[in-house]
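Trainee: I'd like to go through this one with you. Can you show me what we're looking at?

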Amino acid sequence: MTPLAPYLIVAALIFAIGLAGALTRRNAIMVLIGIELMLNAANLNLIAFWRYSPHPELLSGMMFAIFSIAVAAAEAAVGLGLVISIYRHAKTTDVEEMNRMKG
Amino acid sequence: MDFVFYLISAFAVGGALAAVLLKNLVHAALALTIAFFGLALLFLRLDAQFAGFAQILVYVGAVAILVVFAILLTKGSEVPKEGVFSKSWFAGLAISAGVFAVLAWAVLQAAPSLPNETAAPAVTVNDIGNALMSRYVLPLEIIAVLLTAALLGAVIVAMHEKAGPKQSAGAPGPSLLGTGERRNS
């Protein structure tokens, strides 16, 4: 078996764990944590394909992963800012109680 | 594959599982840090030194701290009485199990035709810097604009909505007292 396959299986496992966390937890911060785990699993896929590709000197997968890390950092900052704003307004971080868009 | 890969993978997957399953949110954030660290070790094992250290700096250093701050600012460290999982947890679990089954099936089906280059890539940080400044300079600039806009947006969104622009400075003016409307009451 190619050495790439175990990395892809591990990435799929972490992606599934992150998806389960995002879908089953009540707290909005835990939903964000699940999304971060899913983004990291995608990054692991990109790096693994870059490592075992025929032309790693082109750096495509590596650059994709680095830009993905930067986008994920921006997403975390905005997402947590939104959670804090909603908590100030509605006094809850439970996603099942956030059912109104109008304050 | 060797023993080190399984050890690091168990580290990362165990951290991710603990982050999703733990009831106390602060413990979950610490388990998330462990998962990020395990993923950074996997990056280092894949000969991607720059991405591995960027992962440690950005995720272990910044995102985990940000998550802990958000938990403490929203009193999320108290375990709620009605439980931490939603009412439809079984559907979410089934969906994620199905996603994992499909992904694992696809990987195992495609395993014979996956790229299989065993020689370690001779890529230095110097090459990455040159590529960022030549071929990938437009995405780099766009990422810079995106990060600036996202940080400004995060500050504006998280700013106190009831406080006026002068009220937060602690000015001893009595005229502002009582004029701020209470929207919740």
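Mentor: Start with where the chains meet: in this predicted model, 67 residues of chain A are in contact with 71 residues of chain B.

Trainee: What makes two residues count as being in contact?

Mentor: Their C-beta atoms, placed from the backbone, have to lie within 7 Å. On chain A's side, α1 (4-24), α2 (28-51) and α3 (60-90) each supply at least two residues. The biggest giver is α3(A), with 22 residues. Sorted by class, that side of chain A has 47 nonpolar, 13 polar and seven charged residues.

Trainee: Now B:Val125, in helix α5 of chain B. Why is B:Val125 called exposed?

Mentor: Count its neighbours: B:Val125 has 10 other C-beta atoms within 10 Å. Exposed means 12 or fewer, so with 10 B:Val125 is exposed. By the way, B:Val125 and B:Ala51 are 74 residues apart in sequence, yet 9.9 Å apart in space, C-alpha to C-alpha.

Trainee: And A:Lys91, in the segment after α3 of chain A? How do you know that A:Lys91 counts as exposed?

Mentor: Same recipe. A:Lys91 has 11 C-beta neighbours inside 10 Å, and the cut-off is 12 or fewer, so A:Lys91 counts as exposed. Look at its backbone too: A:Lys91 has a positive phi of about 60°, although it isn't a glycine.

Trainee: What makes B:Asp47 partly exposed?

Mentor: B:Asp47 has 16 C-beta neighbours inside 10 Å. Buried needs 20 or more and exposed needs 12 or fewer, so B:Asp47, with 16, counts as partly exposed. B:Asp47 sits in the loop between α2 (25-45) and α3 (49-73) of chain B, and it has a positive phi of about 60° without being a glycine.

Note on methods. Residues numbered from 1 in each chain as written. Chains lettered and ligands numbered in written order. Predicted model: local features only at pLDDT ≥ 70, side-chain atom pairs only at ≥ 80, totals over all residues. Helix = DSSP H or I, 4+ residues; strand = E, 2+ residues; numbered from the N terminus. Nonpolar A, V, L, I, M, F, W, Y, C, P; charged D, E, K, R; others polar.
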